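Here is a friendly briefing to read alongside the model. Have the viewer open and follow the topics in turn.

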Amino acid sequence: MRQAARLDRVPDIVVITGMSGSGRTQAMHVFEDMGYYCIDNLPPRLILDIANVVGINSGVGRHLAVTCDLRSQGLFDEMFDALRQLGEHELTVKLLFLDCSDEVLIRRYKETRRRHPVALPGESLESAIGREREQLSVVRDRADLVIDTSRMRPATLRNRIRRAFSELTDQQLLDVSVYSFGFKHGMPVEADLMIDVRFLPNPFYDPTMRTLTGNDDPVREFVLGNDVTKRFLTAWEGLLDVVMPGYIAEGKAQLSIAVGCTGGQHRSVVIANTTANYLQRQGYHVTLSHRDLALAEKGAAPRL
């Protein structure tokens, strides 16, 4: 979807409600990942006050997401009054209702052994769910978007919410960290993807480049000008073209890509830079760093 279309439809405020056990907390985590200012279980009458406090209507581009647990008729009336007041203050608001089948809700509560929040003393789980559904029917009818989570994986729910309420593209929603490292300084443990480029020709053996780094033109030209590197980059970028959309489809919010050579000074720096540039051209939000560049032992013989 085009950026302009996303901006037109992303509201200032999203109010999240729905059936207990349908995934409201999980939805709130998605909004947090998207940069929304989030408040859980907020009484509807306080939404406008909170919006003013955090500056939602100040033009800074910040959005607000709140969950409202509606368990009484009084709160229903309060909700609709709050929505009207927000409109009067020229704040755009969307009501997101999360639904789920009785069968799945019963299974979820039995698996977690939690008590249903609206259940009366001695009331069965089935009766409590049915009563809550009847109470919430008027709110469900007023919702701008209803998402049924009955057969929805967490990644699918994440993607559905992000595509409905984010002004960023799918690529921009994935926070990608690309960094170089040296194997002799220890392998990274946090990397989602790790590529070993020690098979590439090593500039270290050229005295004119030994004390330089992969950020210097002679080293960059030496590494990238090699036929082996050219074939590798074709395959590497092809792999990224396959796996990156897959990570997005799974709803991944952060991805770490580590590029390693012997000391983290020459080859890994060049390839990390090239990888970051390639992903940025594809529209991803990329952070680039070089973990061991300051630790490179200039003039020391590398470990092969």
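E90 sits in the loop between α4 (73–88) and β4, and its phi is near 60 degrees, a positive value in a residue other than glycine. Keep in mind that this is a predicted model. The bullets below start with the backbone, then go through two sheets, the pockets and the salt bridges.

**Backbone angles**

- Most residues other than glycine have a negative phi.
- Besides E90, a positive phi is found at N41, with a value near 55 degrees, and N41 is not a glycine.
- N41 belongs to the loop that runs between β2 and α3 (47–53).

**The five-stranded sheet**

- What is the strand order in the sheet of five strands? Reading across this open sheet gives β2-β3-β1-β4-β5, and the pairing is parallel.
- At the edges lie β2 (37–39) and β5 (145–148), each of which pairs on one side only.
- From one strand to the next, the twist averages 20 degrees.
- Edge strand β5 is joined to β4 (residues 93–99) by four bridges in the parallel sense.
- Within that pair, F97 has V146 of β5 standing opposite.
- Helix α7 packs on this sheet and touches β1, β4 and β5. The direction of α7 makes about 170 degrees with that of β5.
- Helix α6 (residues 125–142) also lies across β1 (13–18), β4 and β5, and α6 runs at about 145 degrees to β4.

**The four-stranded sheet**

- Another open sheet has four strands in the order β7-β8-β6-β9, again with parallel pairing.
- Its edge strands are β7 (193–196) and β9 (285–290), and each of these pairs on one side only.
- Neighbouring strands here are turned by 15 degrees against each other on average, direction ignored.
- How many bridges join β7 to β8? There are four, and the two strands, with β8 covering residues 254–261, run parallel.
- If you zoom in on this pairing, you will find M194 opposite A258 in β8.
- Lying across β6 (175–182), β8 and β9 is helix α10 (residues 267–281), which runs at about 170 degrees to β6.

**The largest pocket**

- Rolling a probe the size of a water molecule over the atoms shows where empty space is left.
- The volume of the largest pocket is about 370 Å³.
- This pocket is lined by 22 residues, and the closest to its centre are G21, S22, G23, R24 and T25.
- Which elements give two or more residues to the lining of the largest pocket? They are α2 (24–33), α5 (102–112) and α7 (154–165).
- The most comes from α2, which gives three residues to the lining of the largest pocket.
- By residue class, the lining of the largest pocket divides into seven nonpolar, nine polar and six charged.

**The second largest pocket**

- The second largest pocket has a volume of about 280 Å³.
- Its lining has 18 residues, of which D33, M34, G35, L168 and L173 are the closest to the centre.
- Here α7 gives the most to the lining, with three residues.
- The lining of the second largest pocket divides into six nonpolar, six polar and six charged residues.

**Salt bridges**

- Side chains of opposite charge can pair when their charged atoms come close.
- With a cut-off of 4 Å between a side-chain nitrogen of Lys or Arg and a carboxyl oxygen of Asp or Glu, the count comes to 15 salt bridges.
- One of them joins the side chains of R158 and D33, at 2.8 Å from N to O.
- This pair links distant parts of the chain, with R158 in helix α7 and D33 in helix α2, 125 residues apart.
- D33 has come up before, as one of the residues closest to the centre of the second largest pocket.
- The two helices have come up too, since both α2 and α7 are among the elements that give two or more residues to the lining of the largest pocket.

Note on methods
Residues numbered from 1 in each chain as written. Predicted model: local features only at pLDDT ≥ 70, side-chain atom pairs only at ≥ 80, totals over all residues. Heavy atoms only, no water. Pairing = 2+ DSSP bridges. Axes fitted to C-alpha atoms, helices over the stretch in contact; angles between N-to-C directions. Contact = heavy atoms within 4.5 Å. 1 Å grid on protein atoms, 1.4 Å probe; cavity = no way out; pocket = protein on both sides within 12 Å on 5 of 7 lines; lining within 4 Å. Points joined across faces, edges and corners; volume = space filled by probe spheres on them. Nonpolar A, V, L, I, M, F, W, Y, C, P; charged D, E, K, R; others polar.
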